[in-house]
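Please open the model in a viewer with side chains available for selection. The tour below proceeds by selection, each stop stating what to display next and what is found there.

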Amino acid sequence: MDINLDFLQPGQIVSLKYGERNLYAEVIQFVVSRKLCWVRPLLMVTFIEESPLITDLRDASDLLWPADLFQPALDTEVITLLSQVLAKQPKAELDSAAKQQLNQFIHQLWQASQEGWG
């Protein structure tokens with residue numbers, strides 16, 4: 001996949017999609033020489049039948065991830081989701097359920113990418 005450098009700018013919101021989950025993150029830096037993207041997780045959305053389940057990840061650890069796996073997040077896709085999270089004060093510490101959910105998502109996505117997406 002060709003990397004579109006236009007969306008890999010600091011402050012840009014990008015997403016990683018896998019299964020019924022989307023991880024939204026803010027680009028901190030694009031490492032051109034290694035084609036990696038340093039991002040700060042913002043939220044994870046799990047799409048279920050009734051309404052999306054939103055997990056606040058603003059206090060999660062940053063990620064360094066292959067840039068070609070990211071997609072630019074559309075404003076119309078993210079504004080409502082972000083407004084729900086940003087209206088709340090971040091917790092002093094990321095809760096263990098959110099950490100586990102993020103770790104599980106990253107592990108599953110990494111496994112799938114190594115296996116050529118099935």
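**First stop: Arg-21**

Select Arg-21 and display its surroundings: apart from residues up to four places away in sequence, Arg-21 touches Leu-16, Met-44, Val-45, Thr-46, Gln-101, Gln-104, Phe-105 and Gln-108, where contact means heavy atoms within 4.5 Å. This is a predicted model, in which local features need pLDDT of at least 70 and side-chain atom pairs count only at pLDDT 80 or more, while totals for chains, interfaces and linings use all residues. Residues are numbered from 1 along each chain as its sequence is written, and side-chain values use heavy atoms, with hydrogens and water left out.

Arg-21 lies in strand β2 (residues 21–31); strands (E, at least two residues) and helices (H or I, at least four) are DSSP runs numbered from the N terminus. Is Arg-21 buried or exposed? Arg-21 is buried, yet has no salt bridge. Buried denotes under 20% relative accessible area, exposed over 50%, and partly exposed the range in between (1.4 Å probe, protein chains only). A salt bridge requires a side-chain nitrogen of Lys or Arg within 4 Å of a carboxyl oxygen of Asp or Glu. The nearest side chain of opposite charge to Arg-21 is that of Glu-20, 4.2 Å away; Lys and Arg count as positive and Asp and Glu as negative, with His and the chain ends not counted.

**Second stop: the salt bridges**

Side chains of opposite charge can pair when their charged atoms come close. How many salt bridges does a search of the whole structure find? The search finds three.

Select Glu-77 and Lys-17, which form a salt bridge with their closest N and O atoms 3.7 Å apart. This pair links distant parts of the chain, Glu-77 being in helix α1 (residues 75–86) and Lys-17 in strand β1 (residues 13–18), 60 residues apart. Glu-77 is partly exposed at 23% relative accessibility, and Lys-17 is partly exposed at 44%.

Move next to Asp-62 and Arg-40, whose salt bridge has its closest N and O atoms 2.8 Å apart. Asp-62 is in the loop between β4 (53–56) and β5 (63–66) and Arg-40 in strand β3 (residues 36–46), so this salt bridge ties together parts that are 22 residues apart in sequence. Asp-62 is partly exposed at 29% relative accessibility, as is Arg-40 at 34%.

Then select Asp-56 and Arg-58, a salt bridge whose closest N and O atoms are 2.8 Å apart. Asp-56 is partly exposed at 26% relative accessibility, whereas Arg-58, at 19%, counts as buried. Arg-58 is placed in the loop between β4 and β5. Add Leu-42 to the selection: Leu-42 and Arg-58 are 16 residues apart in sequence, with their C-alpha atoms 4.6 Å apart in space.

**Third stop: the nonpolar cores**

Display Leu-16, Leu-23 and Val-39, the residues with the most contacts inside the largest nonpolar core, which has 22 residues. A nonpolar core is a set of buried Ala, Val, Leu, Ile, Met, Phe, Trp, Tyr and Cys residues joined through side-chain atoms within 4.5 Å. At least two residues of the largest core come from each of β1, β2, β3, β5 and α2 (96–114). The most is given by α2, with five residues.

Centre the view on Val-39. Neighbours within four places in sequence aside, Val-39 is in contact with Val-14, Ala-25, Glu-26, Val-27, Ile-28, Asp-62, Leu-63 and Phe-70. A second, separate core of 10 residues can be selected next; Tyr-24, Leu-42, Leu-43 and Leu-81 are among its members.

**Fourth stop: helix α1**

Which residues of α1 are buried? Val-78, Leu-81, Leu-82 and Val-85 are buried in α1. They lie on the same side of α1, because they cover an arc of only 100 degrees around the axis, taken from the directions from the helix axis to the C-beta atoms. Turn to the other side of α1, where Asp-75, Thr-76 and Ile-79 are exposed. The cover over the buried residues of α1 includes β1, β2, β3 and β4.

**Last stop: the whole chain**

Colour the chain by secondary structure to display two helices and six strands, which follow the pattern β-β-β-β-β-β-α-α along the sequence. Of the 118 residues of the chain, 39% count as buried.
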